[in-house]
Amino acid sequence: MSEQNKKEALPQNKNGASPLLKVDNINVYYGSIHAIKGISFEVKSGEIVTLIGANGAGKSTTLNTISGLLHPTTGDINFLEHSIVKIQPHKIVEQGIAQVPEGRRIFAQMTVRENLEMGAYIQSDGNEIKNDIEKVYELFPRLKERRKQIAGTLSGGEQQMLAMGRALMSRPKLLMLDEPSMGLAPILVEQIFKIIADVHKTGATILLVEQNAQMALSIADRGYVMETGKIITTGTGKDLLSSDEIKKAYLGG
């Protein structure tokens, strides 16, 4: 495929602008372990992009590097056309990136509402925070029902909803989800992915890390397949779902 055709094959921003997020040839180490090996990818405004691959492929490490929790030894990460590789994690949140971590990591001793308020720590207008909480309740009616409940007593699916709602309280330009289906029953997995699609319909740009490749690719505009710290192939969600190679490796086909 020619470079021109490659460009045409990718979804474009409505205004033709540069990618919202561009990861450029980053290398990341855990001590002497070379965890991420020169990967490059991008996320355009309005897309759902997914990183899929086996456990240990480097997917979560990639998100943690974008969030500033880890630092690349080489390469660059640009968000809104500015490098963020040397910026502290809380400043990256202020710039518009929110991550829902693997394992959810809610504030277990706080109520549902208090968790949501914690997610709005970069906001200063009390009325705006109240309005944003109501928007979260519209997306997650169960959270409204449980708003006074201690978060640690919620079910796994409810805790995932809360973690997503808390992240949305920072009004992110890019929402990163790390293994949102982990540990959930199949019926709850379907519910969580429907919610992700609903969040996307509100205008959110989403970078999704997920071991459930079937579900992830079914809602993604594009996907990148990772293996031992490298990106080995990429394509639209539809194309990757129909790929015999991907089916055999990740979809049980």
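Start by selecting residues 174–178 and 205–209: these are strands β7 and β8, which run parallel and are joined by five bridges. Keep in mind as you click around that this is a predicted model. To find a matched pair, show Met176 and then look across to β8, where its bridge partner is Leu207.

Now widen the view to the whole sheet. β7 and β8 belong to an open sheet of six strands, ordered β6-β7-β8-β3-β9-β10, with mixed pairing. Colour β6 and β10 (230–236) next; they stand at the edges with a single partner strand each, so one side of each has no neighbour in the sheet. Turn the sheet and you can follow its twist, which averages 15° from one strand to the next.

Next, select residues 186–201. This is helix α8, and it lies across β3 (48–52), β7 and β8. Against β8 it runs at about 155°.

From the end of β8, step to Glu210, which is in the loop between β8 and α9 (213–219). Which side chain of opposite charge is nearest to Glu210? It's Lys59, but at 8.4 Å, and Glu210 has no salt bridge even though it is buried. A salt bridge would need a side-chain nitrogen within 4 Å of a carboxyl oxygen. What the Glu210 side chain does have is a polar contact with the side chain of Ser181, at 2.5 Å. Show the surroundings as sticks: setting aside residues up to four places away in sequence, Glu210 touches Leu51, Ile52 and Gly53, along with Lys59, Glu179, Pro180, Ser181, Phe193 and Ala216.

Time for the other sheet. This one is open too, with four strands in the order β2-β1-β4-β5 and antiparallel pairing. Its edge strands are β2 (33–43) and β5 (82–83), each paired on one side only. Zoom in on β1 (residues 21–30) and β4 (residues 74–79), an antiparallel pair with five bridges. Pick Lys22 and you should find Asn78 of β4 opposite.

Last stop: Ala108, in the loop between β6 (97–100) and α4 (112–119). Is Ala108 buried, exposed or partly exposed? Its relative accessible area is 33%, so it counts as partly exposed. Beyond its neighbours within four places in sequence, Ala108 is in contact with Ile150, Ala151 and Gly152. To finish, draw a C-alpha to C-alpha distance from Ala108 to Ile232: they are 124 residues apart in sequence and 38 Å apart in space.

Conventions: Residues numbered from 1 in each chain as written. Predicted model: local features only at pLDDT ≥ 70, side-chain atom pairs only at ≥ 80, totals over all residues. Heavy atoms only, no water. Helix = DSSP H or I, 4+ residues; strand = E, 2+ residues; numbered from the N terminus. Buried < 20%, exposed > 50% of the residue type's maximum accessible area, 1.4 Å probe, protein only. Contact = heavy atoms within 4.5 Å. Pairing = 2+ DSSP bridges. Axes fitted to C-alpha atoms, helices over the stretch in contact; angles between N-to-C directions. Lys, Arg positive; Asp, Glu negative; His and termini not counted. Polar contact = N/O pair within 3.5 Å; in protein donor to acceptor, adjacent residues only side chain to side chain.
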